[in-house]
Amino acid sequence: MSNEPQDTIASDESVDTIETAELATSETAAPAETAEQATGLRPANANRGAGWPASFSNYISQGWAERADAHPPQRAQAPYAAARRRRLSEAYPGKRIVVPAGELKVRSNDTDYPFRADSAFSWLTGWASDSEPGAVLVMEPSGDGHVSTLYFRPAAGRDTDEFYADPAIGEFWIGARPTLGEVSTDLDLATGDLEDFVSTEDDLLSDDAELAQTLSEMRLVKDEYEIEQMRLAVEATSRGFDDVVAQLDRAQRERRGERVIEGVFHTRARLDGYAVGYETIAASGSHACILHWTRNDGAVLAGDLVLIDAGVELDSLYTADITRTVPVDGRFTDAQREVYEAVLEAADAALSIVKPGIRFLDIHDAAMAVIARKISEWGLVDADAETLLDSEDQRHRRYMVHGTSHHLGIDVHDCAKARRELYREGVLEEGMVFTIEPGLYFQPDDLTVPERYRGIGARLEDDIVVTATGAVNLSAGIPRTVADIEAWLAR
Ligand SMILES: [Mn+2]
């Protein structure tokens, strides 16, 4: 925010500020408002904002061209969102359902995090990265179903001082908001001014545990629009991985080369989507053994593997979640190749069984059968794979403590509030989308690990959609085999 202009005409000298304040009380029609008072969305700050004299207020409120209401074409997601609302309506007859988009969150003092609408709100409205903070979807019971209205703070006119005087929401500060008519056409949904939204004691709010669970479960099977978004999110992420590979030389030259990877991927995410779907993991060398390494302040050194776990979140908010582990200098060492190919074998074993009707947990079991066999063969644990895989043993999990799969969609860990029997212990259906992401992590100080493997961490993560007869690996185009990865890095 270093380029932010001063929000007062008289803040540079304290004498002027006093004079302005005097002018404000004696000569303006209404008492002067500070910027903070205009909406109450910001903490008071005596050093910012000041009254404006009447001559200024009168002058700035006039001389603006008429604005025509924009009528954008209805967005592609609108009919899908309508179908989702119908399903929710059927599940809660007679209930007034209220789903807020959420508010801006303070990062520090008077600066906020970038806004990101609540996932259920976006799923039910089709309003995604362009959602207005504070918006609320209301599904009012009516007849056999519900009537839906989307409330938000619409574009302000030039008849108030908001447009120039309010740093939090004013048009001169953050840009114009859409009109009620514009959003209504765009989303094919009735709209209303947030000022007219009234909550009642009987409202069923989307943070209600039971409703949140229902919404999570309704999102387990993706519709046609969502599957297309997932395909596009993976494509954008694939471009991001290509960008990263092209910048590995620079990563090796910088002291904190992992940040080069993070930054390059972030650039692609902002170019092709809205953001990253989660904090990028750029983990070089033994950092790869730290599952959620997002500090990313390490060097990227020739001879090491670097693990990159990253996903582009599109403007629709659907995100990919992909991991590749590549040798920094383009060639796997023998030890790195052995570890990596074990992980690849586990991933392929898991992927090969995916089809409607199998249990979600079967995917994990298929991957673990390979991991346990490798751990046994390499002699890390003195037991055969069958012994290790017994639910009372599981010693091989020392080297992969995370799960193999999670649902993926508008959230990176999608549908997290679904019941265990429908998710973890559930059965696959056509249209489900999830990751397959086995890994092996040999901590540098793990004395059970042969020295040649110590400090090697590898994970391979793909995004999978279940089809009528099997599965499609959406991220199959991003190199996975040792040969393909080495060719990719040699480009
Ligand atoms: Mn994942």
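This presentation describes the fold of one protein chain, from its overall layout to its sheets, helices and core.

The model is a predicted one, in which local features need pLDDT of at least 70 and side-chain atom pairs count only at pLDDT 80 or more, while totals for chains, interfaces and linings use all residues. Residue numbers start from 1 along each chain, following the sequence as written.

I begin with the whole chain. Along the principal axes, the C-alpha atoms occupy a box of roughly 90 × 60 × 40 Å. The secondary structure amounts to 16 helices and 17 strands. Helices (H or I, at least four residues) and strands (E, at least two) are DSSP runs, numbered from the N terminus. Of the 491 residues, 41% count as buried. A residue is buried if 20 or more other C-beta atoms lie within 10 Å of its own, exposed if 12 or fewer, and partly exposed in between, with C-beta atoms placed from the backbone. Two residues are in contact if their C-beta atoms, placed from the backbone, lie within 7 Å. Among contacts between residues at least 6 apart in sequence, 69% join residues at least 24 apart.

I turn next to the domains. The chain is divided into domain 1 (78-216) and domain 2 (220-490), with bounds that come from an automatic or database domain assignment. Their centres, taken over C-alpha atoms, are separated by 35 Å. Where they touch, 10 residues of domain 1 are in contact with 14 residues of domain 2. On the domain 1 side, helix H5 (119-125) and helix H9 (209-218) each supply at least two residues.

Let us look at strand pairing within domain 1. Two strands pair if DSSP finds at least two bridges between them. Strand E4 (residues 136-142) runs antiparallel to strand E5 (residues 145-152), and 7 bridges join them. One matched position places proline 141 opposite histidine 146 in E5. E4 and E5 form a hairpin with 2 residues between them, and glycine 143 in the turn has a positive phi of about 55 degrees. Strand E5 also pairs with strand E6 (residues 190-193), in the parallel sense and over 4 bridges. There, threonine 149 has alanine 190 in E6 as its bridge partner.

Domain 2 brings us to two sheets. The first to consider is an open sheet of 3 strands, ordered E9-E10-E12, with antiparallel pairing. Its edge strands, each pairing on one side only, are strand E9 (281-284) and strand E12 (322-327). Neighbouring strands are turned by 10 degrees against each other on average, direction ignored. Axes here are lines fitted to C-alpha atoms, for helices over the stretch in contact, and angles run from 0 to 180 degrees between N-to-C directions. Helix H12 (residues 257-272) packs on this sheet and touches E9 and E10, its direction making about 150 degrees with that of E9. E9 and strand E10 (residues 305-310) share 4 bridges in the antiparallel sense, and alanine 282 has isoleucine 308 in E10 as its bridge partner.

The other sheet is also open, with 3 strands in the order E13-E16-E17 and antiparallel pairing. Here the edge strands are E13 and strand E17 (471-473), each pairing on one side only. The average turn between neighbouring strands is 30 degrees, direction ignored. Helix H10 packs on this sheet, touching E13 and E16, and its direction makes about 160 degrees with that of E16.

How far should the 23 residues of helix H10 span? At 1.5 Å a residue, H10 (residues 224-246) should span 33 Å, and its end C-alpha atoms are 33 Å apart, which agrees. The expected span is 1.5 Å times one less than the number of residues. Buried residues of H10 include Ile227, Met230 and Phe241.

Helix H14 (residues 360-377) has 18 residues and reaches 27 Å between its first and last C-alpha, close to the expected 26 Å. Its buried residues pack against helix H13 (334-352), helix H15 (385-389), strand E13 (433-436) and strand E14 (439-441).

Finally, the core. In soluble globular proteins, nonpolar side chains tend to be buried together. A nonpolar core is a set of buried Ala, Val, Leu, Ile, Met, Phe, Trp, Tyr and Cys residues joined through C-beta atoms within 7 Å. The largest one here has 111 residues, and those with the most contacts inside it include Ile308, Ile371 and Ala458. This core draws at least three residues from each of domain 1 and domain 2. Contacts of alanine 458, leaving aside neighbours within four places in sequence, include Leu305, Val343 and Leu440.
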